[in-house]
Amino acid sequence: MRMIMDATTFHTKFGFSSLSPFIQKVVHPPLLTSAKSLYISNKFNQTPVFSLIKAQPFKILPTKPLNHLKDSIFFRSNSSQGMLGKVLVVLLVSGLAWAFPALLPPPPRICGSPDGPTVTGPRIKLRDGRHLAYKEHGVPKETAKYKVVYAHSFGSTRYESAIASLETLEELGAYVVSFDRPGYGESDPHPKRTIQTTALDMEELADQLGLGPKFYVMGYSMGGHSVWGCLEYIPNRLAGAALVAPVVNYWWPSFPANLSTEGYNLQLTQDQWALRVAHYAPWLVYWWNTQKWFPYNSVLSGKLKMSPPDLEVVSRSAKHANEMQKLKEYAVKQGVFESLHRDMMVGFGKWDFDPMDLKNLFSNGSVHLWHGDEDWVVPVILQRYVVERLPWINYHEIPNVGHLVMHDPAMKEVIWKTFLTGEKEHIVHS
């Protein structure tokens, strides 16, 4: 009886009133009504359940002379099975009432709201009312020869170090505006975020800042998804595009099954599971990446599988560890779900288009893709297939380089110069 009480009152007693319609669908209504009535009756009478049973007068049922033993067994069997079924249903509902809140992420702490973090930098207000935080780099946009909208990587922000140095930007005559992608840093979350919505955010940012009819876009790692979106949804607005170590979606339809499986199996087992959850059960992403029972995404847990070149880059960056930690905290100041987790759900979910079906609208060869052959985060074999399908993309495969290509000062300078000027330079590792 205690279990029946818990199943019928747990969700309201502890504030989970939204579960009620769900429970009403799972459990037959008469079961809940009778359970509740019996509980209330017992509660106010303060009479043990077994006492109530004993107090009922026994009725002598008519028996059949020949089949009374068979009928008795049948009756008891059905009665026992019915009670067992009810108990199992109640246990299931109780379990769901306990587990369901763990699946729900906490609401984001919106920047600028009474209980949210403060806003520390410039933002624009988008058509749908959301705010997009941004940072300007390089020469003034009014005099710039090149105007670039930059999309940052997973877990990063508009302050990402992948942007070229001021000296290089001045040499190129380039203006760059980086922005916190929705949910990151000080940009408002977008619960309905898609690849398309971020591309349209980039277009609106360029328009509100007055960058003109055409502009360049660059995306690094997970930011590459935003560039693919721009190539699909706003190609007529682009003067050029650069994808640097762009993350692939293993479920893009054009990938041959054996190739995508090969690339997928190169990932750590824990990352394979994290990607499966993001693709097939996005409603589990928050719980999966916050539970402590088994390993979750290696990037989120700080146990990323890195190649020797990447380990070398990390060792050189150790002196900036404190600053990097502050930027990581800034990235998720509104919560991990609408930033990191939403990125996974969108990036590895089902896309509305396949990048390998894109048409070439850039006759001047202004679309580039860079990838290191020692990238253990995004398998290079998949990137090779992408550019094989899209031969109009200028592909630059960099030897002895990992995923952290844009965190090597010498390499990122060459990438920026090649992208904007078209002049290829020999890369010398820092």
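This briefing covers the overall build, the cavities, one helix pair and two backbone outliers of a single chain. The model is predicted. The chain holds 17 helices and 8 strands. Of its 430 residues, 48% count as buried.

**Overall build**
- Contacts with a separation of 6 or more are dominated by distant pairs: 75% of them join residues 24 or more positions apart.
- The exposed area of the chain is about 22,500 Å². Carbon and sulfur atoms supply 60% of that area.

**Cavities**
- Rolling a probe the size of a water molecule over the atoms shows where empty space is left.
- The chain has 2 cavities of 30 Å³ or more.
- The largest cavity encloses about 90 Å³ of space.
- Its lining includes Arg181, Arg193, Thr194, Ile195, Thr198 and Met222. His225, Ser226, Asp343, Val346 and Gly347 also line the largest cavity.
- Three helices each give at least two residues to this lining: helix 7 (195-208), helix 8 (224-233) and helix 15 (337-347).
- Helix 15 provides the largest share, with 3 residues.
- By class, the lining of the largest cavity has 5 polar, 3 charged and 3 nonpolar residues.

**Helix 9 against helix 16**
- Helix 9 spans residues 257-265 and helix 16 spans residues 380-389.
- Their axes come within 9 Å and cross at roughly 145°.
- From helix 9, the contact uses Leu259, Ser260, Glu262 and Gly263. From helix 16, Ile381, Leu382 and Tyr385 take part.
- The residues of this contact divide into 4 nonpolar, 2 polar and 1 charged.

**Positive phi outside glycine**
- Most residues other than glycine have a negative phi. Two loop residues are described here.
- Ala245 has a positive phi, near 45°. Ala245 sits in the loop between strand 6 (238-244) and helix 9.
- Ala245 has a relative accessible area of 0%, under the 20% cut-off, so this residue counts as buried.
- Asn400 also has a positive phi, about 55°, and is not a glycine. The loop that carries Asn400 runs between strand 8 (394-398) and helix 17 (409-421).
- Asn400 has a relative accessible area of 53%, over the 50% cut-off, so this residue counts as exposed.
- In short, Ala245 is buried, whereas Asn400 is exposed.

Notes: Residues are numbered from 1 along each chain as its sequence is written. This is a predicted model: local features need pLDDT of at least 70, side-chain atom pairs count only at pLDDT 80 or more; totals for chains, interfaces and linings use all residues. Side-chain values use heavy atoms; hydrogens and water are left out. On a 1 Å grid over the protein atoms alone, a cavity is a set of points where a 1.4 Å probe fits but cannot get out, and a pocket is an open set with protein on both sides within 12 Å along at least five of seven lines; lining residues have an atom within 4 Å of a point. Grid points are joined across faces, edges and corners, and a volume is the space filled by probe spheres set on the points. Helices (H or I, at least four residues) and strands (E, at least two) are DSSP runs, numbered from the N terminus. Ala, Val, Leu, Ile, Met, Phe, Trp, Tyr, Cys and Pro count as nonpolar, Asp, Glu, Lys and Arg as charged, and the others, Gly among them, as polar. Axes are lines fitted to C-alpha atoms, for helices over the stretch in contact, and angles run from 0 to 180 degrees between N-to-C directions. Contact means heavy atoms within 4.5 Å. Buried means under 20% relative accessible area, exposed over 50%, partly exposed in between (1.4 Å probe, protein chains only). Accessible areas come from the Shrake-Rupley method with a 1.4 Å probe; for residues, only the protein chains shown count as cover.
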